Amino acid sequence: MPRYEFKEGSSSKFWEINLSGNSFTARWGRIGTDGQEKTQTFGSPDEAQKEHDKLVREKEKKGYVLAGKGDDDDSEGGGGEEPASNPELEAAILKDPDNVDAYLVYSDWLQGQGDPRGELIAIQHAASQASGTEASDLKRKATAHIKKYQTLLLGELAAGVKSEELSLEWHLGFIRSARVGQKEYDSDFNVPETAGTLLKHPSARFIRGLTIGMASFDGENEYGETIQALVEAGGSKTIQELFIGDFEYPDDTEISWTHLTDISGLLKVLPDLRKLRLRGGELELGAIDLPELREFTVETGGLPLAAVKSIANAKWPKLERLEVWFGSDNYGAEGGVEDIQPILDGKGLPNLKQLGLRNSEFTDALAQALPTAKVLPQLETLDISMGTLSDEGARALADKAAAFAHLKQLDVTENTLTDEGQSLLPKAIPHANVGNQRDYEEEYRYSAVGE
């Protein structure tokens, strides 16, 4: 039961409240005594919640503070109460997330409820309209406000912020983007639990971006539980950018030691996704249907055939940028040119402008197929780096140089060209980037990233 205390002069009082379903029990009195107790029952859990929140704010205004705070914790607000909420005003924001006026209307209502989120909206809006020193001062004020009221604004998520394993960007009073991930090898930070709690938290109602860092430094880096937690939280109608696998390899872990697992269920509960980036192995995608997606990147040392086919047959009509790392067959890579033929044909990709078919062990075969690919004329950039392109593949590209003349860039870096191949391509295709080649070995050529 959350306990609040008021100590001033000769006053030494406590007040406790425990919310359960459609009722709550309050107990109050002089510190050191059992005090008095009263239970109130309401017509619904929502009514009980509203009255509970109202009483908590009234006590806070009178100077009651949550018991057990350390001297180094200057945050305010209760630990168990829910922030105020107005579904109608939130619906107006969800309908038009870029409408600042909708936020300002909500700000007025929240301030009327005594919710510090209302003032935060006002401060951050003023900062966005100011410049120079005034803007800097307002940004510092917003940061101080978040710290002061972090208990109410974040609840149990505040511990992750303190340990720097949850980082947040705030925009007009709400979390705009977040990164969740363990920071050190001996961390006991629960990434799945935090990620799920974040998506359900009132401060993240309008979250746009989510990044998942290291799920675990202990053994394999598994994302299955985190993905399941996000699904069980209901996903998000507002998330537009998702990055799973924000880690440094090989410093944090190897790509092949990271398991993305099946993310098909997660994609179904992120209907407004615009940018998706995945890093790791053992990926399952299922049938992809992302009508709003503009960018898709998968970085892996071994892409299974089922995932290759999922990507080749995906429904993402607004996609503008596609980057696929195929990897090494030693680490589970499967498939070849024939399996990505729908991509080369531009099937269902009317807006694709940037194409990356990287980290492949069939780069020479790609060099043969690309000059006549139906998708090529619509592209602005083409990236076949990090693969096994040989001088033979370079000659295939050079012989059809006219097909690539319209490109702004052709990237063939980190392949296996000899000096001959490196000099051949730029002469035929001036915008070809051939620098930084890896050693060529006829008997053993491999993609740049496997493990």
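1. A good place to start is the hairpin of β3 and β4: five residues sit between its strands, and Gly-32 takes a positive phi near 105°. Please keep in mind that this is a predicted model. The two strands, β3 (residues 23-30) and β4 (residues 36-41), pair in the antiparallel sense over six bridges. If you would like a residue pair to look for, Ala-26 has Lys-38 in β4 as its bridge partner.

2. From the hairpin, you can move on to β2 (residues 11-20), which runs antiparallel to β3 and is joined to it by eight bridges. Here Phe-14 has Gly-29 in β3 as its bridge partner.

3. These strands belong to an open sheet of five strands, in the order β4-β3-β2-β1-β5, with antiparallel pairing. At its edges are β4 and β5 (65-66), each of which pairs on one side only. Helix α1 (residues 45-61) packs on this sheet and touches β1 (3-8), β2 and β3. The direction of α1 makes about 165° with that of β2.

4. Now for the other open sheet, which has 11 strands and mixed pairing. Follow it in the order β6-β7-β8-β10-β12-β14-β15-β16-β17-β18-β19. Its edge strands are β6 (166-171) and β19 (432-433), and each pairs on one side only.

5. Within that order, have a look at β16 (residues 354-358) and β17 (residues 381-383), which pair in the parallel sense over three bridges. Leu-355 finds its bridge partner in β17, namely Leu-382.

6. Next, a pair of helices. Helix α8 (residues 191-200) packs with helix α9 (residues 224-232) at an angle of about 20°, and their axes are 8 Å apart. Because of that angle, α8 counts as roughly parallel to α9. Their crossing is right-handed.

7. Which residues make the contact between α8 and α9? From α8 come Val-191, Pro-192, Ala-195, Gly-196 and Leu-199, and they meet Glu-225, Thr-226, Ala-229 and Leu-230 of α9. By class, this contact has six nonpolar residues, two polar ones and one charged.

8. Finally, the aromatic rings: a search of the whole structure finds 11 aromatic pairs. One of them is formed by Phe-296 and Trp-316, which are tilted, at 5.0 Å centre to centre and with 45° between the planes. Phe-296 lies in strand β14 (residues 295-299), while Trp-316 lies in the loop between α11 (305-312) and β15 (321-325), so the pair ties together parts that are 20 residues apart in sequence.

How values were computed: Residues are numbered from 1 along each chain as its sequence is written. This is a predicted model: local features need pLDDT of at least 70, side-chain atom pairs count only at pLDDT 80 or more; totals for chains, interfaces and linings use all residues. Side-chain values use heavy atoms; hydrogens and water are left out. Two strands pair if DSSP finds at least two bridges between them. Helices (H or I, at least four residues) and strands (E, at least two) are DSSP runs, numbered from the N terminus. Axes are lines fitted to C-alpha atoms, for helices over the stretch in contact, and angles run from 0 to 180 degrees between N-to-C directions. Angles under 35 degrees count as roughly parallel, over 145 as roughly antiparallel, 65 to 115 as roughly perpendicular and the rest as oblique. A crossing is left-handed if the near helix is turned anticlockwise from the far one by less than a right angle, and right-handed if clockwise. Contact means heavy atoms within 4.5 Å. Ala, Val, Leu, Ile, Met, Phe, Trp, Tyr, Cys and Pro count as nonpolar, Asp, Glu, Lys and Arg as charged, and the others, Gly among them, as polar. Rings of Phe, Tyr and Trp (its six-membered ring) pair if their centres lie within 6.5 Å; planes under 30 degrees apart count as stacked, over 60 as edge-to-face and the rest as tilted.
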